[in-house]
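Dear colleague,

Please find below the structure that I agreed to pass on to you. My notes on what was found in it follow directly after.

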Amino acid sequence: MTRAKERLYFASGDDYGGARTKKLSRFLHELGYEKPEQSLAAEGSFLDQPSVRDHMLLSGVQLPVPKAFSFTQLVAYDHCPLQYKFAHILKIPTFGGPALSFGKTMHNTLQAFFEEVLEASDAGQQTLFEGEKKEKMPSEEHLLELYDRYWLDDWYQSKKQKDQYRAEGEESLRSSYKQLQTDPPTPIFLERGFTIKIDDIVVRGRVDRIDQVEDGVEIIDYKTGSPKTEKDLSSTDKMQLMLYQLAAKELFGLEPKRLTFHYLKDHSRVSFLATDDELDALKDKIRKQITAIRARQFDPSPGFMCRYCDFKDICPFRAT
């Protein structure tokens with residue numbers, strides 16, 4: 001209760017799945033609240049009442065929309081505008097999961113390792129993996145020490161599951177280290193943040209890694225999920241790296257030659273490069289999305305994605 005900033009809501013239900021009707025909490029009685037004579041349950045679901053549903057979920061309380069946007073927000077709106085509203089307007093908290101914890105662990109470990117690579121290679125002007133610099137390369141044991149240091153224990157459902165993820169991560173890092181020795185990269189930026197403007201729209205993001213290659217750069221994004229092939233990539237998948245390509249060209253003054261998803265599970269890579277026309281189309285899509293968000297167009301779009309939605313248990317529009 002002490003964390004409330006503007007408002008505090010108390011809620012109580014008659015039915016939480018048990019055999020008996022629930023009583024009002026004694027704490028609410030102490031505050032002077034009494035249970036109404038006629039429960040809303042008698043008239044159907046609270047959210048089934050059009051006036052309540054439309055007010056709360058569609059037009060909604062006129063809370064402000066964000067002043068800046070991220071790729072995560074754009075994807076959420078693309079999947080379902082109502083999902084976007086739940087997450088980024090109403091800011092309803094969600095539970096994490098093992099994939100989230102594991103992904104953060106792997107990203108943080110690789111970031112810390114390559115930061116040491118850059119530091120020891122005179123700010124990235126030379127690769128550590130060649131010639132006289134070779135002895136300065138961080139060891140495999142040190143890489144695994146970083147893995148232990150940045151390991152996150154959150155959200156694993158059992159010790160067995162956690163141990164499986166941990167073993168998978170260690171195996172991935174060991175094979176990564178072998179690849180680094182045989183095919184050394186030349187990283188120039190790590191976790192590079194950016195803020196790009198498209199008209200009056202502010203979009204923020206962060207690139208995992210940018211490597212020097214040939215006569216340009218390669219933009220790399222780590223993925224800890226199931227590997228994909230190029231034909232498996234959706235337009236939404238590509239949108240992320242295309243946004244990074246825009247930032248590299250317009251903000252960093254770099255010339256991207258490849259946009260690459262690096263799948264840490266098996267170290268497969270999928271690369272592509274967007275054309276100028278595709279980048280212009282991306283800008284137009286972002287303009288349309290933000291115009292709709294600012295107009296508070298949050299109509300739901302039920303479909304197969306509902307089963308993976310963080311808000312499926314509270315959304316009355318979910319696909320069954």
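Strands S5 and S6 (residues 268–272) run antiparallel and are joined by 5 bridges. Within this pairing, Thr260 of the one strand stands opposite Ser271 in S6. The hairpin that the two strands form has 4 residues between them, and His267 takes a positive phi near 60 degrees there. Please bear in mind throughout that this is a predicted model.

S5 itself spans residues 256–263 and is mostly covered, with 6 of its 8 residues buried. S5 also pairs with strand S4 (residues 216–223), in this case in the parallel sense and over 7 bridges. In that pairing, His262 in S5 has Tyr222 opposite. Between S4 and S5 the chain passes through helix H8 (residues 235–250), and the resulting β-α-β crossover is right-handed.

The interior comes next. The largest nonpolar core holds 41 residues, and Tyr84, Phe194, Ile219 and Ile286 are those with the most contacts inside it. Helix H8 supplies the largest share of this core, namely 8 residues. For Phe194, the contacts beyond four places in sequence include Val203, Val207, Leu243, Tyr244 and Ala247, as well as Leu251 and Phe252. There is also a second, separate core of 22 residues; among its members are Ala112, Val117, Trp151 and Leu264.

Two individual residues may serve as examples of contrasting surroundings.

Is Gln289 buried or exposed? Gln289 has a relative accessible area of 6%, and because the cut-off for a buried residue is under 20%, Gln289 counts as buried. This residue is placed in helix H9 (residues 276–294). Beyond its neighbours within four places in sequence, Gln289 is in contact with Leu74, Tyr77, Asp78 and Met239. Its C-alpha atom is separated by 9.5 Å from that of Pro81, although the two residues are 208 positions apart along the chain.

Lys91, by contrast, has a relative accessibility of 58%, and therefore counts as exposed, the cut-off being over 50%. Lys91 is found in the loop between helix H4 (81–89) and helix H5 (98–120). Not counting residues up to four places away in sequence, Lys91 touches Lys85 and Phe86.

For the chain as a whole, the secondary structure comes to 9 helices and 6 strands. The chain has 320 residues, of which 40% are buried. Among contacts with a separation of 6 or more, 65% are between residues 24 or more positions apart. The exposed area of the chain is about 19500 Å², and carbon and sulfur atoms supply 49% of it.

Finally, a word on confidence. The mean pLDDT of the chain is 87, and 86% of the residues reach 70 or more. Two stretches call for caution. Over residues 40–48 pLDDT stays under 50, and the model has 14 contacts beyond four places in sequence for this stretch. pLDDT likewise stays under 50 over residues 131–135, for which the model has 6 such contacts. Where pLDDT is low, the predicted coordinates should not be read in detail.

With kind regards

Terms used: Residues numbered from 1 in each chain as written. Predicted model: local features only at pLDDT ≥ 70, side-chain atom pairs only at ≥ 80, totals over all residues. Heavy atoms only, no water. pLDDT = per-residue confidence, 0-100. Contact = heavy atoms within 4.5 Å. Buried < 20%, exposed > 50% of the residue type's maximum accessible area, 1.4 Å probe, protein only. Pairing = 2+ DSSP bridges. Right-handed = clockwise from strand over helix to strand, strands pointing away. Core = buried A, V, L, I, M, F, W, Y, C linked by side-chain atoms within 4.5 Å. Areas by Shrake-Rupley, 256 points an atom, 1.4 Å probe, with all protein chains shown as cover.
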